[in-house]
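Biologist: Could you take a close look at one part of this model for me, the place where a chain turns back on itself, and then lead me outward from there?

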Amino acid sequence: MISESNLIGEGQNSLIYLHKSKEYPDPVILKVLKDDHNFYPHTAELLNEIDLTKKLNIKGVRSSIEIKEVDQKQVLILEYFEGKTIKQ
């Protein structure tokens, strides 16, 4: 899953990928913790993020779809849409 995706961003603790597959009807974002952050409390941050964003229905705010374990890493799967970052 991760190896089939395109790296589009990097944060302090995580890598952000654009993923397209038959598993999801539309492209999605994969948020993957970096190897040196793949432990508690960083994994708990992903769980908190999915809890906070899964039920959001606010235009311009990306919502969570699910969280999976891939290659012993927690992967947060997020809605994808074209837009600009706050930095832009």
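Modeller: Happy to! Two strands pair if DSSP finds at least two bridges between them. Strands (E, at least two residues) and helices (H or I, at least four) are DSSP runs, numbered from the N terminus. This is a predicted model, in which local features need pLDDT of at least 70 and side-chain atom pairs 80 or more, while totals for chains, interfaces and linings use all residues. Residues are numbered from 1 along each chain as its sequence is written, and side-chain values use heavy atoms, leaving out hydrogens and water.

Now to the part itself. β4 and β5 run antiparallel to each other and are paired over 6 bridges. To follow one of these links, start at Glu 66 and look across to β5, where its bridge partner is Ile 77. Then move to the turn of the hairpin, which has 2 residues between the strands. Asp 71 is placed in that loop between β4 and β5, and Gln 72 belongs to the loop between β4 and β5 as well. Look at their backbones: Asp 71 has a positive phi near 50 degrees although it is not a glycine, and Gln 72, another residue other than glycine, has a positive phi near 65 degrees. How open is this spot? Asp 71 counts as exposed because its relative accessibility is 65%, with exposed meaning over 50% relative accessible area, buried under 20% and partly exposed in between (1.4 Å probe, protein chains only). Gln 72, at 69%, is exposed as well.

From the hairpin we can step inward. A nonpolar core is a set of buried Ala, Val, Leu, Ile, Met, Phe, Trp, Tyr and Cys residues joined through side-chain atoms within 4.5 Å. In this model the largest one has 11 residues, including Val 70, Val 75 and Ile 77. Ile 77, the bridge partner of Glu 66, is thus a place where the hairpin and the core meet in our tour. Two or more residues of this core come from each of β2 (14-19), β3 (28-33) and β5 (73-79). β3 gives the largest share, with 3 residues. For a view from inside, try Ile 2: not counting residues up to four places away in sequence, its contacts (heavy atoms within 4.5 Å) are Tyr 17, Leu 30, Val 32, Val 70 and Val 75. Another core lies apart from this one and has 7 residues, among them Ile 29, Leu 33, Leu 46 and Ile 50.

Not every buried residue is a nonpolar one, so let us visit two more. Lys 34 sits in the loop between β3 and α1 (42-53), and it counts as buried because its relative accessible area is 17%. Beyond its neighbours within four places in sequence, Lys 34 is in contact with Glu 10, Gly 11, Gln 12, Asn 13, Ser 14 and Leu 15. Ser 63 lies in the loop between α1 and β4 (64-70) and is buried too, at 15% relative accessibility. Leaving out residues up to four places away, Ser 63 touches Thr 53, Lys 54, Leu 56, Leu 78 and Glu 79.

Finally, follow the chain past the hairpin. Lys 84 is in the segment after β5, and with a relative accessible area of 74% this lysine is exposed, whereas Lys 34 is buried. From Lys 84 to Gln 12 there are 72 residues in sequence and 19 Å in space, C-alpha to C-alpha.
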